[in-house]
Amino acid sequence: QVQLVESGGGLVQAGGSLRLSCAASGGTFSSYRMGWFGQAPGKEREFVAYISRSGGTTYYADSVKGRFTISRDNAKNTVYLQMNSLKPEDTAVYYCAAAARLSVVSTPDEYDYWGQGAQVTVSS
């Protein structure tokens, strides 16, 4: 059983930055692949970023490439999402997720554990 808790969300102006954190407990953090997903109002949950167990491999949605950076600190059992150059269309609830086994990093159903989400609102 793994528990994930997001923090760092809030209201930011367009062009600003925010860093989300996801703290894990109840499992061996380094054994899990980690992802970030965003769900905007009225839309389905969408893939944002992925990081491998050691942090050596990352993937990003096209919409955030060059602006967002996913990272992890296994010693702190934490995964991060650095969000730069934020746009109003980035407004969403952001969820971190953990997967023991994974084939397609962008598919929500492949992840085993989810946090409660962190609201990110970008004003225009």
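Trainee: Does Asp-90 count as buried or exposed?
Mentor: This is a predicted model, and in it we can judge the residue by its relative accessibility. Buried means under 20% relative accessible area. Asp-90 has a relative accessibility of 6%, so it counts as buried.

Trainee: Which side chain does Asp-90 meet in a salt bridge?
Mentor: Side chains of opposite charge can pair when their charged atoms come close. Here the pair links distant parts of the chain, 23 residues apart, with Asp-90 in the loop between strand E8 (78–83) and strand E9 (92–99) and its partner in the loop between strand E6 (58–60) and E7. That partner has 11% relative accessibility and therefore counts as buried. At 2.7 Å, N to O, the side chain that Asp-90 meets is that of Arg-67.

Trainee: In the salt bridge of Asp-62 and Lys-65, is Asp-62 buried or exposed?
Mentor: The side chains of Asp-62 and Lys-65 meet at 3.1 Å, N to O. A residue is exposed when its relative accessible area is over 50%. Asp-62 has 66% relative accessibility, so it counts as exposed.

Trainee: Which are the edge strands of the open sheet of four strands?
Mentor: Reading across the sheet, the order is E1-E3-E8-E7, and the pairing is antiparallel. From one strand to the next, the twist averages 15 degrees. An edge strand pairs on one side only, and the two that do so are strand E1 (3–7) and strand E7 (68–73).

Trainee: Which residue in E3 is the bridge partner of Gln-3?
Mentor: E1 and strand E3 (residues 18–25) run antiparallel and are joined by five bridges. In E3, the bridge partner of Gln-3 is Ser-25.

Key
Residues are numbered from 1 along each chain as its sequence is written. This is a predicted model: local features need pLDDT of at least 70, side-chain atom pairs count only at pLDDT 80 or more; totals for chains, interfaces and linings use all residues. Side-chain values use heavy atoms; hydrogens and water are left out. Two strands pair if DSSP finds at least two bridges between them. Axes are lines fitted to C-alpha atoms, for helices over the stretch in contact, and angles run from 0 to 180 degrees between N-to-C directions. A salt bridge is a side-chain nitrogen of Lys or Arg within 4 Å of a carboxyl oxygen of Asp or Glu. Buried means under 20% relative accessible area, exposed over 50%, partly exposed in between (1.4 Å probe, protein chains only).
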